[in-house]
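Good morning, colleagues. I should like to take you through one protein model, beginning with a strand pairing and ending with some details of the backbone.

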Amino acid sequence: MKKHVSLFFLFIFLFCQNIVSVSASKPDSAFLFSYSTLKNDGRNGLHFAWSIDQTNWHSIGSEYRFLFSDYGRWGTEKRLVTPFLFLDNKQIWHCLWSLNEKDGTFAHSSSADLIYWLPQTYPNVIKGNNCLQPEVFFDKKSGLYTITWISNQHKDTLVYATTTRDFKEYSATIPGNRSIRLNKRQNVTISGNTQTGTVHKVSWNVINNLIKTWQLSDYNNNLSNENFKDDSSRFAALKPVQVTINANVNQRKKISDMLIGVFFEDINYAADGGLYAELVQNRDFEYSLSDKSGWDKSWTSTKAWSISGPGATLTIDTVSPIHPNNRHYATLHVSQPGTALTNEGFNGIAITKGEKYNFSVFVRKPDNKTGNITIRLMGKNGETCGEARIKATAGKWQKVKAVIIANKTSTDASLSIVPETTGTVLLDMISLFPQKTFKGRSNGLRTDLAEAIAGLHPRFVRFPGGCVAHGDGIGNIYRWKNTIGPLEARKPQRNLWNYHQSAGLGYFEYLQFCEDIGAKPVPVIAAGVPCQNSSCGGAGQQGGIRMCEMDAYIQDILDLIEYCNGDVKSVWGKKRAEAGHPAPFNLEYIGIGNEDLINDIFEERFTKIYNAVKEKHPEITIIGTVGPASEGTDYVEGWKIADKLHIPIVDEHYYQNPGWFINNQYYYDKYDRSKSKVYLGEYASRGNTLYNALSEAIYLTALERNADVVTMASYAPLLAKEGFTQWNPDLIYFNNNEVKPTVNYYIQQLFGQNSGNSYISSTVQLSDEREMVSKRMGTSIVHDSKTNDYIVKLVNMLPVEADVQVNLSGMGNFNLAATQIVLTGKPGDKKSLPVTNNITVSENFTSHLPAYSFTLIRIKSGNIR
Ligand code: AHR
């Protein structure tokens, strides 16, 4: 019903707009001007303006972008400069543009209607020079398009050309002279500003459709910007609302029991310095300037380390390391006892009085003298908070361990290594773990954070991302084999969120964690391509692993499946057993790709991986990817591949405003049930207020209604360390000793702990039937066959209270114990907490919903069927 009301209003809106923009005496044709501006350094995309007389020009939306350059990194790249629009003899539009002043690359995309644009390509046509003002013409006779451009990176300004039949394969570049240039770009004045671009005569319908597209987008943007700050005026005269829900207990559909899961990515210090319980930062001396692209000069092998003591020196060496994957180690020269090598931890080390801490280090004495070393936990004022002693014996690298008991609680302790004798000592993999890790695992996880995640009752854990999965450039793709085995042999790497990834929390720890919290693992593997916003490799765009290397890459993926599920006698199953887990981890899902650029490069590699995994492991459910947004080229092209290959599940992502979630509750109701299922792998409403969380709750009621097609969902990102965040908002914030769940967390938790496996359909009637009111009321009733409980979820995003009559007739007369949990507060609150009460309900009961609230009623239906 709500859907029809909203469509009706949309129609009226567009109809009215149409009357304004298309009068009865509409022209047959008009002139279309295509251009880009230099605003935002040329990153605002392709614009259009129209004119009847080529004198008075009207822009179609101010700075509205019909095409957006997707080349390279966010922030500095993605420029669309000097676009050139061209209509070919098959009535297909081509747009060519320049990307920047340095790369020998232009961009191309094509479109049948100027609205939907096909995947972009970035042919690298001239090495060592740039590619400016590209233009194109078509020669009917030869069937060739000739592209010319200007290169001026050296002293001269030269013209070059290449030809193509299909904008995929290009001939070798040749120099040309100025006469081959069309010079078709012209200047027009729009709202007093001179712009440069191309002019085409087109039928009025073309322009009218562009105007409608912009108006629809504008309309949707307004809906998405709906915000609680306007609620007092929007709902000025609104009275408390009466709601009647009539459930049809016999009309139910099976829904996924995997709906709520978590997305774990090492972003915001989620792993090192976060969930991974290691307390020593840069324990392996492998931090490097390149982790942060050289801009942080302190980010080197000695980051987080300092030395004190007269005449002491610390050098970093690489000769004869413990393992080639871990090349750097510390060489400490001690000329007087008292020298200390100190680690500051991740912004301090949190210790608790009476707790035990496991210390370990690889040590070597090149001077062949045996000596003792004191290991000391130091308080902020230099006081000793606990210590232990180890012996460094002469000879090869040796792993030495000790246990320190803290005699004080501190949030900002440090760890000092204090040799008791003079001489030289080599040190590496200096490590300190609390003994109380989650479930007492060695090399384990921080208990409080792990418990917070477990508290969500997630049915699955996605890992290792997100963008970390596909990396910044091919060399940065997450390779699972680098993250297993002895810690000193793992291969750390640059984390694309601008820090260092030790790989201490690797695949084994991940799989163990899943098992420990009863969640299914959902590893996501790069589809042979890195992040589409990569800054390195592939001329600033993603490129892909060379096809001749793809077989080896695919073998790695098959090996991962064997590592998870293989027999202990298999090569990789044996490695799992050696790590302490002979039983399989029961992998059922694998994700291939993460919001990639869906183009030929992607499709070729994805298809190869997909077919290989499907053939060797038909028992594994493969999850594909359909780009980073709920619409657009990657979404459309990704779905085309999903349809073609019959991919079981695809991964959708979107980060939107609360208004988007409120106004798109019916997004999945229209999905074709016979196609791929959906894993909503990343979503969030861009804020941590109660209003944000309630908009996510409304959307989750819609996901439950659609959980026959949306089988899995995970809010993203999960974790964020205060002061070390690259992405906001997140679900759980933390520092070294506190965990701070957000309001959004409690919503996820209430849905995670109260999911069901069948959805009970119901009709919902409001005393005020206006759409603006009804869309602020979310309801869902599910049944959990394991407990035989019925769960009613009610979201009231209105600024007034609501009384809800819940009619469960058909369940039989009963007087049943129920648990009611209410989360409410002011819409801007960030600290609202759920409050639980025991209540009794009958077949027909009333629930009172406070303004801006989420109410959950779990009815223990006992023997009622
Ligand atoms: O969740 C943060 C990032 O958002 C993920 O790494 C990426 O997949 C998405 O763009």
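**A sheet, a ligand site and three backbone details**

Please look first at L32, which stands opposite W50 in strand 2. The two strands concerned are strand 1, residues 29-35, and strand 2, residues 47-51, and they pair in the antiparallel sense over five bridges.

Before going further, I should state that this is a predicted model. The mean pLDDT of the protein is 94, with 96% of its residues at 70 or more. Residues 1-22 are another matter: pLDDT stays under 50 there, and the model has 25 contacts beyond four places in sequence for this stretch. Where pLDDT is low, the predicted coordinates should not be read in detail.

Let us return to the sheet. Strands 1 and 2 belong to an open sheet of five strands, paired antiparallel in the order 3-2-1-12-11. Why do strand 3 and strand 11 each have one side without a neighbour in the sheet? Strand 3 (58-59) and strand 11 (186-190) stand at the edges, and each has a single partner strand, so one side of each is left free of a neighbour in the sheet. Helix 2, residues 204-224, lies across strand 1, strand 2 and strand 12 (193-203). The helix runs at about 125 degrees to strand 12.

I turn now to the ligand. Which residues surround the ligand? Among them are F263, E265, I267, G466, C467, W497, N594 and E595, together with Y655, E682, P717 and W727. Two glutamates approach its oxygen atoms: a polar side-chain atom of E595 lies 2.6 Å from an oxygen atom of the ligand, and for E682 the distance from a polar side-chain atom to a ligand oxygen atom is 2.6 Å. C467 contributes through its backbone, with an N or O atom 2.8 Å from an oxygen atom of the ligand. On its own, the ligand has 280 Å² of accessible area, and the protein covers 94% of that.

G466, one of the surrounding residues, brings me to the backbone. Most residues other than glycine have a negative phi, and most peptide bonds are trans. The bond joining G465 and G466 is cis, with omega about 15 degrees. G466 lies in the loop between strand 26 (460-463) and helix 5 (467-470). A cis peptide bond also leads from N728 to P729, with omega near 0 degrees; P729 is in the loop between strand 35 (719-721) and strand 36 (732-734). Finally, Q91 has a positive phi, near 65 degrees, and sits in the loop between strand 4 (81-87) and strand 5 (93-98).

Definitions and conventions:
Residues numbered from 1 in each chain as written. Predicted model: local features only at pLDDT ≥ 70, side-chain atom pairs only at ≥ 80, totals over all residues. Heavy atoms only, no water. pLDDT = per-residue confidence, 0-100. Contact = heavy atoms within 4.5 Å. Pairing = 2+ DSSP bridges. Helix = DSSP H or I, 4+ residues; strand = E, 2+ residues; numbered from the N terminus. Axes fitted to C-alpha atoms, helices over the stretch in contact; angles between N-to-C directions. Near = heavy atom within 4 Å. Polar contact = N/O pair within 3.5 Å; in protein donor to acceptor, adjacent residues only side chain to side chain. Areas by Shrake-Rupley, 256 points an atom, 1.4 Å probe, with all protein chains shown as cover.
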